[in-house]
Amino acid sequence: MAPKLQLAIYWAAACGGCDVAILDTDEKILDIAEAADIVLWPIAMDFKYEDIYKMEPGSIDVCLFNGAIRTSEQEEIAKALRARSKFMIAFGACAAWGGIPGLANLTNREEIFNTVYQETATTINEEDIRPDTNYPGPEGELHLPRIYDRVWSLDQVVNVDYYVPGCPPTPETIWTAILAIVTGNLPPKGTTIAGIKSLCDTCEREKTEKKITQFKRPFEIIADPKKCLLEQGLICCGPVTRDGCGHRCTNNNMPCRGCYGPSEKVSDQGAKLLNAIASIMDVKDEKSAQELAATWEDPAGTVYRFSLAKSLIYDYKKGGE
Amino acid sequence: MSDHKIGVYVCHCGSNINGVVNCAKVTEEIGKLGEVVVAKDYKYMCSDPGQEMIKNDIREKGLDRVVVAACSPRMHEPTFRRALEGAGLNGYLLEMANIREHVSWVTKDKEEATKKALSLVKGAVKRVKLHEPIEEREVPVTNTTLVLGGGISGIQAALQVAEAGHKVYLIEQKQYIGGNMAKFDKTFPTLDCAACILTPKMVDVGQSPNIELYTSSEVIKVDGYVGNFTVTVREKPRYINHDKCTGCGDCASACIMKNRIPHEFDEGLSKRSAAYIPFPQAVPLKAVIDDENCLLLTRKKCTLACVKACGAKAINFNQHETIHEFKVGSIILATGFDLFDAKRSPQYGYGKYPNVINGLQFERMTNASGPTSGHITLADGTEPKSVAVIHCVGSRDENYNKYCSRVCCMSSVKFAHLVKDHCDAEVYEFYIDMRTFGKGYEEFYNRVQEEGVHFIRGKGAEVAQKDGRLVVKAEDTLLGQYREIPVDMVILNTALEPRVDAEKVAQTLGISRSGDGFFMESHIKLDPVTTTTDGIYLAGCCQSPKDIPDSVAQGSAAAAQSLAIIATGKVKISPISASIDSEQCAGCQICIGLCTYRAIKLNEETLRAEINEAVCKGCGTCAAGCPSGAIKVSHFNDDQLLAQIEGVLA
């Protein structure tokens, strides 16, 4: 019998949904356990930093890394795991493109701290205490990780071999990825393990020439289950988003949120979607365009819901740690 | 990837560029970049020695990419492409950096200009590495022309193409050709009778074996591309059998609606029947039945007096609209203008005071075959003793049209002369400033001044009624005085505006309009006849207001453009076009509505979008809108553009 796969699962700036998704593979988790020794999985078992540092370079076959990078600790562990892993896999939308935490890049650390530690209605912080990296405690000086000014995707910090998209990845996607690794049937480095085309390609809703006359939010209408959601005024990210999720949202009459990231030929998911939507707004001049655009709640958060950290514009606009 | 051999040439453009940009420094810095094997600056790159320099370097140094930093590519990209091709290199392996219009002409700061020029050239160098050779395409041409609009410019264009021996389809929305000019009495500056010079041309159109005339018709659909258009035309019924009608007018005399319908050709100054001859010299000289007023057609009740009166038995109420389809190689658009509706400027009392009329109504009044048989009369039938002409109604006015309508100063002067000639009334011209450019125009103005016309410099502010007379209120800016001048008649010389259906026509033909609403030419100075769509040309007032000589000249020019295509039998099509990767296309159809040129269609079988590359202009709108990145524009693909941006920011 071939030696078992040495598997590490780690989380950084993430909600924990990716870890739960691995459990969501149901009975297949047993097959995973059959094929692999889990050498690191902080959410499920107790591990210390030393356990990682003690591992030899290359001793981990596959590291499933979920979550974005926004603290010095996350960056440090990402680098340590990279050095010890044969394959580093950006697992889930946050690791792949910054995910929901990446939306923090619309602002900066200072503004976020102001909101969290001062401005919210329920906060009383008369001494204006903010997180600090050093704290002189009774047992000696304590060190905390530094929060960065911006959020990074995993591949902006370390080399990434494969991407497993999703928020979280569906069990089918996870199983496809695991199977590829276990069988050694690996695609070229850098591949995103999911579909290639956009979600629209396999979407069975009826599509016609598009014109948006009014932007709608999902709670405002009951969408026609047969017609293209975009044509009904709902911002569906399907046109720019990679296929492979099994249409979980659109099958339930909800617009695609874009969690499978940009499709193969799209370099900037948000910019592409914004372009596409601007193109089909039914307006005749600048004034009517502004009026219609004003009815769209949170365009940046919608088009870049999962990929702001990787947006071209952001990278050119700002540096940051 | 193997290294390229790039040549970079920085043009001084005399002092146009070098006066602001330090060209020597840019050249020196660029020469340090990898893969740049030669970097030179020169006084005029577009000159023969400049082009020779590039050719020699291509031959001797084996350059495989060329960057020219000079003026706008709109000026000289074809020049340098030819230079590359002269030395055996594909012309699309060239990239131009515009360091004149984008740099030296927009700043005086030499240091910043040099910095920006260097950035742009760096971007060009980075981009040109990704250029690919592209071959220009040629397609065969259908040797027929469609002229849309039968006014003077359309007539001129149609006749010229026909005289050269080629088939013309002339499409006119009205029931007759001749357009606005047919309504005029005299033309400035020679006072030629408009009908005398126009009707021979109209008759020629009717008789030319090469011209097929369709009146009461409009274009409803245009498919295809330069050399190969398919135009669908809807011909409305006129309920008259053309072959039988002799144009005698008996039906008009018999019609029980006689003298009850305002006559459009007389600008509402006379009344006509529901069956009528548009005007005595109309081409075609056939009766027409107006389906909006004919009692039989509207209420299904009539004595059918016209049918009884018609000796030729030409009336046929069973006619239906006919759809025609024409294959043509080029289209000449000569749809003319609409007159500004003076009711939109209520201060002048048009529509309120019967003796306030517009210019075209005055033309009809002075026309011998017009409603008053050429007599200038007030509403009560008497002759006016004083007449005011107000210029710029709806023109040169922030509230309506900012542009100058170009013909009104001269026609106003003509009106003054005609008033003097017909009834010797006093004439007051209210003008902002006189614009009498053109051959013989200033001389005509001087002549009319000598006839004793009062020219008051000041825009007429208001027309009011006082003691039963009209009063024109204005500030005389030469006297610096407010004046109120009582007159019997006011002629409002109104603006020439884009036709009310201009947007529909633009969409049907896939062409653009400029900010003023007129159809847009490809270059305002150097290509005022071509639209941005190959094979569609403009003539006359649909492009901008112009007088008769200019309309005729543009009609001839459009005919020449059209003939140039026919003569060669082939047209070159820009090879820069979009293409769809059907593997990536998800059939979302966002692109289809975006294409101004209607080059994209959905393949009903594969449910993928398809681009007709011959129709595609390579504008890139679809590529920007395509959410899945399936559309790529050759020579402007994402990789090239991103490389250029990186180069500029580096």
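**Chain contact, a helix pair and a sheet**

The contact takes 23 residues from chain A and 17 residues from chain B, two residues being in contact if their C-beta atoms, placed from the backbone, lie within 7 Å. This is a predicted model, in which local features need pLDDT of at least 70, side-chain atom pairs count only at pLDDT 80 or more, and totals for chains, interfaces and linings use all residues. Residues are numbered from 1 along each chain as its sequence is written, while chains are lettered from A and ligands numbered from 1 in the order in which they are written.

Student: Which helix gives the largest share of the side of chain A that touches chain B?

Tutor: Helices (H or I, at least four residues) and strands (E, at least two) are DSSP runs, numbered from the N terminus. The largest share on this side is six residues, and they come from helix 9 (residues 269-280) of chain A.

Student: At what angle do the axes of helix 12 and helix 13 of chain B cross?

Tutor: Axes are lines fitted to C-alpha atoms, for helices over the stretch in contact, and angles run from 0 to 180 degrees between N-to-C directions. For helix 12 (residues 408-423) and helix 13 (residues 441-450) of chain B, the axes come within 10 Å and cross at roughly 35°.

Student: Which strands are the edge strands of the open sheet 11-12-17 of chain B?

Tutor: Two strands pair if DSSP finds at least two bridges between them. The three strands of this sheet pair in the antiparallel sense. Each edge strand pairs on one side only, and these are strand 11 (217-225) and strand 17 (322-328) of chain B.
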